[in-house]
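I opened this entry to keep track of what I looked up, one item at a time. The notes follow the order of my queries.

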Amino acid sequence: MRTFLHTDDGVTIDSVYDPGAVVYDFSRPLAGDLAFVVAHGFTGDVDRPHVRRVAEALTRHGAVVTFSFRGHGASGGRSTVGDREVLDLAAAVRWARELGHTRVATIGFSMGGSVVLRHAALYGGEVDAVVSVSAPARWYYRGTPPMRRLHWLVTRPEGRLVGRYGFRTRIHHREWNPVPMSPVESVPRIAPTPLLIVHGDQDGYFPLDHPRMLAAAAGDHGELWLEPGMGHAEHAATDALLDRIGDWAVAQGG
């Protein structure tokens with residue numbers, strides 16, 4: 001099922017619903033009441049092969065809502081690189097509830113990983129579990145070559161042209177004002193909602209101090225998986241890892 005959702009600030013969001021698969025492997029139970037809402041990384045969209053692969057893997061464990069953030073793909077508006085994207089995620093979570101799902105788990109990758117953290121902090125009680133994969137802990141990080149390239153893409157006019165025509169991503173020219181609450185500031189406000197932080201030890205964008213900062217901020221209500229050999233975000237998340245994440249989310253309702 002495909003539709004356009006409308007955010008609280010009037011942006012149209014291209015969204016897809018995949019019902020959970022019928023699974024007869026009783027060692028991996030399917031939770032019929034559970035829906036995953038997947039928040040992709042920067043320059044992704046609902047039709048990208050890596051986003052579709054994530055959705056397909058998670059349908060073994062529940063229904064899946066995927067969507068394109070504002071400024072990405074066929075969605076309206078322009079990307080604010082993690083700020084007003086919380087409104088896009090909120091619209092997708094509402095849709096999952098309207099479709100009858102009594103439990104909703106958000107799973108975000110990179111930029112989407114920061115968005116699921118902020119959404120859970122700002123919309124307390126709207127979700128039942130949160131998974132943040134390859135997310136930054138703090139804003140304005142430029143400590144790696146990929147992040148320096150990303151900042152050029154976002155902050156320079158010529159970079160935004162590359163984003164529009166090279167990556168199908170329309171980026172807002174205005175700087176944040178005010179600066180949104182950072183991911184590490186968001187994490188303590190998520191409790192008691194279960195939180196899983198996943199990060200690869202070969203992530204080329206955000207080194208391991210980022211997930212460790214997030215885990216320290218979560219305290220006892222968070223769980224940290226540091227994945228050996230894993231790189232960054234959806235492209236690096238293996239089907240086996242996605243299955244483990246699905247199992248974890250299902251278990252939070254037990």
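In which loop is the place of Pro 178? I found Pro 178 in the loop between α5 and α6 (183-186). I note at the start that the model is predicted.

**Cis peptide bonds**

I then looked at the bond before this proline. Asn 177 and Pro 178 are joined by a cis peptide bond, with omega about 0°. I found a cis bond between Ala 191 and Pro 192 as well, where omega is about 10°. Pro 192 sits in the loop between α6 and β7. I flagged these bonds because most peptide bonds are trans.

**Positive phi**

Next I looked up backbone angles. Most residues other than glycine have a negative phi. Ser 134 is not a glycine, yet its phi is positive, about 60°. I placed Ser 134 in the loop between β6 and α4 (145-155). Is Ser 134 buried or exposed? Its relative accessible area is 0%, so I entered Ser 134 as buried, the cut-off being under 20%.

Arg 168 is not a glycine either, and its phi is positive at about 55°. Arg 168 lies in the loop between α5 and α6, the loop that also holds Pro 178. I entered Arg 168 as partly exposed because its relative accessibility is 43%.

**Strand β3**

I went on to the strands. β3 covers residues 34-39, and 6 of its 6 residues are buried. I sorted the side chains by direction: Leu 34, Phe 36 and Val 38 point one way, while Ala 35, Val 37 and Ala 39 point the other way.

Which strands pair with β3? I found β5, parallel, over 6 bridges, and β4 (residues 63-67), parallel, over 4 bridges. In β5, Ile 107 stands opposite Val 38. In β4, Val 65 stands opposite Val 37. I traced the connection from β3 to β4: the chain passes through helix α1 (residues 49-58), and this β-α-β crossover is right-handed.

**Strand β6**

I asked how many residues of β6 (residues 129-133) are buried. The count is 5 of 5, so I describe this strand as largely enclosed by the rest of the structure. Ala 129, Val 131 and Val 133 lie on one side, Val 130 and Ser 132 on the other, and both faces are covered.

β6 pairs in the parallel sense with β5 (residues 103-109) over 5 bridges. I noted Val 130 as the bridge partner of Thr 106. β5, helix α3 (residues 111-122) and β6 form a right-handed β-α-β unit. β6 also pairs with β7 (residues 195-200), again parallel, over 4 bridges. There I noted Val 198 in β7 as the bridge partner of Val 133.

**Surface entries**

I turned to the surface last. Which residues form a nonpolar patch there? Trp 152, Val 162 and Phe 167 do, with about 250 Å² of accessible area together. I located Val 162 in helix α5 (residues 157-167) and entered it as partly exposed, since its relative accessible area is 33%.

Gly 10 lies in the loop between β1 (2-6) and β2 (12-18). Its relative accessible area is 56%, so I entered Gly 10 as exposed. I also checked Gly 10 against Gly 77: they are 67 residues apart along the chain, and their C-alpha atoms are separated by 9.0 Å.

Methods. Residues numbered from 1 in each chain as written. Predicted model: local features only at pLDDT ≥ 70, side-chain atom pairs only at ≥ 80, totals over all residues. Heavy atoms only, no water. Patch = residues over 30% accessible without salt bridge, like charges linked within 9 Å, V, L, I, M, F, W, Y side chains within 5 Å. Areas by Shrake-Rupley, 256 points an atom, 1.4 Å probe, with all protein chains shown as cover. Salt bridge = Lys/Arg side-chain N within 4 Å of Asp/Glu carboxyl O. Helix = DSSP H or I, 4+ residues; strand = E, 2+ residues; numbered from the N terminus. Buried < 20%, exposed > 50% of the residue type's maximum accessible area, 1.4 Å probe, protein only. Pairing = 2+ DSSP bridges. Right-handed = clockwise from strand over helix to strand, strands pointing away.
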